[in-house]
Amino acid sequence: MTNFEFKNPTKIIFGKNTIEKLTTEIPSEAKILLLYGGGSIKKNGIYEQVKTALNNFDVVEFGGIPANPEYAILMQALEVIKTEKITFLLAVGGGSVIDGTKFLSSAALFDGDTPWDILANSIPTIVGMQFGTVLTLPATGSEMNSGAVITRAETKEKRGMGGPGLFPLFSILDPQVVKSIPKRQLANGITDAFMHVLEQYMTYPAGAYLQDRFAESILQTLIEIAPKILTDPTDHIAASNFMWSCTMALNGLIQKGVPTDWAVHAIGHELTALFGIDHARTLAIIAPSHYAYNFESKKEKLAQYAERVWQITEGTIDEKAKAGITKTTVFFNDLGISTKLSEYTDAYDGTAALISKRFTERGWLELGEHKTLTPNDVEKIVEMAY
Ligand code: NZQ
Ligand code: ZN
């Protein structure tokens, strides 16, 4: 285990009927910008609950943040923040609305040339405008971390940002929101959280027994609740465990003191930017190829995962490791998620070379936990995923 520091200042308010607690969590003198997505909150009752809780506050609204939050739309919201003299942001939505809100939190106090620089030049946000969230879709963990990913349609780019100033002040997690989520998004949420754990686990043994077991327990919980939540999203026990697993998968805890990979996400973001494929699905496309391509350097953890998470006790390390990859692929397929790029687009030819070229241009020359994965390797991994 390597040295680490850990601080996560986000207050989590978890459980049934907790949206009403907004009333006491937001500073009373705040002028609030309520941010939401394409309108699901107006159909499932979440909007009414939020509005009721905000009854005595000064609130302006900005709806229409799309999945994969779009820079051009967020720039309109930034204008509202400035003209309305907003002092507090409230995100009500999934990862896209929360990430869009994080961008705004940073951009509102940014004094550089253009807010795109925050993303293009990887400028960390040390202080942002205060914001809270009401999570409507368990998946990304954005509700308890300080990262965000923003899309720019104009240049077909999807770039990350972050910094200690981007932790939400609080996040409200009411598992009852799960019941209105479409099956496709439930499958996405399970897959995204599963992959967040694997990005921080599927590396090499680092003597971090507790982090390994935290990671394995989240994976096992996701495997256990997946069929339950897809069959019955009103199952409160399944919904609660789903929601908390997604948050715990990416709130910083399991990555402390261990090597992390994140190559699957880096490549996956390109597939969303190029083809609009749902974030989680891009991960399911890339992960099996990535693990097969990097088999030698990852096989010890792959075998440990196969043994502890999938109960594969027979065979050599190589055999168990291979079975771990197969089990992962089958798990995604059983959720209704295909693991081949050609299932999502006919225009995949040339994608591998294009992504490799983009990584070279950005100077992303050393990916993965060993920092040895080159753009040339990335090209081969994407080709394997066709
Ligand atoms: O926009 P509305 O109408 O609200 O509908 C949304 C959207 O269409 C719908 N939805 C959300 N809650 C619902 C609901 N529908 C019915 N009932 C509810 N309760 O679901 C659709 C997808 O929402 P979105 O927020 O896009 O999904 P998700 O939470 O999966 O977020 C994906 C985004 O987060 C980024 C991804 O790259 C992607 O842009 N990520 C953010 C991370 C982070 N900040 O830490 C890490 C992740 O790896 C990821 O990159
Ligand atoms: Zn993700």
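**Exercise 1. Backbone outliers**

In which loop is the place of lysine 85? Find its phi and its exposure class.

*Solution.* The model is predicted: local features need pLDDT of at least 70, side-chain atom pairs count only at pLDDT 80 or more, and totals for chains, interfaces and linings use all residues. Residues are numbered from 1 along each chain as its sequence is written, chains are lettered from A and ligands numbered from 1 in the order in which they are written, and side-chain values use heavy atoms, with hydrogens and water left out.

Step 1. Lysine 85 sits in the loop between α4 (71-83) and β4 (88-93). Helices (H or I, at least four residues) and strands (E, at least two) are DSSP runs, numbered from the N terminus.

Step 2. Its phi is positive, about 55°, although lysine 85 is not a glycine.

Step 3. The relative accessibility of lysine 85 is 64%, so it counts as exposed. The classes are buried (under 20% relative accessible area), exposed (over 50%) and partly exposed in between, with a 1.4 Å probe and protein chains only.

Step 4. Now take asparagine 17. Its phi is near 55°, again positive in a residue other than glycine. Asparagine 17 belongs to the loop between β1 and α1 (22-25). With a relative accessible area of 47%, asparagine 17 is partly exposed.

**Exercise 2. The zinc site**

Which protein atoms are the donors of the zinc ion (ligand 2)? Give their spacing along the chain.

*Solution.* Step 1. Donors are N, O and S atoms within 2.8 Å of the metal (3.2 Å for Na, K and Ca); water is not among the atoms, so sites may look incomplete.

Step 2. The protein donors are Asp192 (OD), His196 (NE2), His265 (NE2) and His279 (NE2), 2.0 to 2.1 Å from the zinc ion.

Step 3. Along the chain they follow D-x3-H-x68-H-x13-H. Distant parts of the chain are linked: histidine 196 is in helix α7 (residues 183-201) and histidine 279 in helix α11 (residues 279-293), 83 residues apart.

Step 4. Check burial. Histidine 196 has a relative accessible area of 3% and is buried. Histidine 279 is buried as well, at 16%.

**Exercise 3. The shell of ligand 1**

Which residues come nearest to ligand 1? List side-chain polar contacts, then the buried share.

*Solution.* Step 1. A residue is near a molecule or strand if one of its heavy atoms lies within 4 Å of it. Of the 33 residues around ligand 1, Gly38, Ser40, Gly95, Ser96 and Lys158 come nearest.

Step 2. Lysine 158 places a polar side-chain atom 2.6 Å from an oxygen atom of ligand 1. For asparagine 145, the distance to an oxygen atom of ligand 1 is 2.9 Å, again from a polar side-chain atom. Serine 180 has a polar side-chain atom 2.8 Å from a nitrogen atom of ligand 1.

Step 3. Taken alone, ligand 1 exposes 960 Å², and the protein buries 88% of that. Accessible areas use the Shrake-Rupley method with a 1.4 Å probe; for residues, only the protein chains shown count as cover.

Step 4. Two or more shell residues come from each of α5 (95-107), β6 (147-152), α7 and α10 (263-275).

**Exercise 4. Two sequence-distant pairs**

How many Å apart in space are phenylalanine 88 and isoleucine 26, C-alpha to C-alpha? Repeat for isoleucine 237 and aspartate 174.

*Solution.* Step 1. Phenylalanine 88 and isoleucine 26 are 8.1 Å apart in space and 62 residues apart in sequence. Phenylalanine 88 is in strand β4 and is buried, at 1% relative accessible area.

Step 2. Isoleucine 237 and aspartate 174 are 12 Å apart, C-alpha to C-alpha, and 63 residues apart in sequence. Isoleucine 237 lies in helix α9 (residues 236-249). Its relative accessibility is 62%, so isoleucine 237 counts as exposed.

How values were computed:
Polar contact = N/O pair within 3.5 Å; in protein donor to acceptor, adjacent residues only side chain to side chain.
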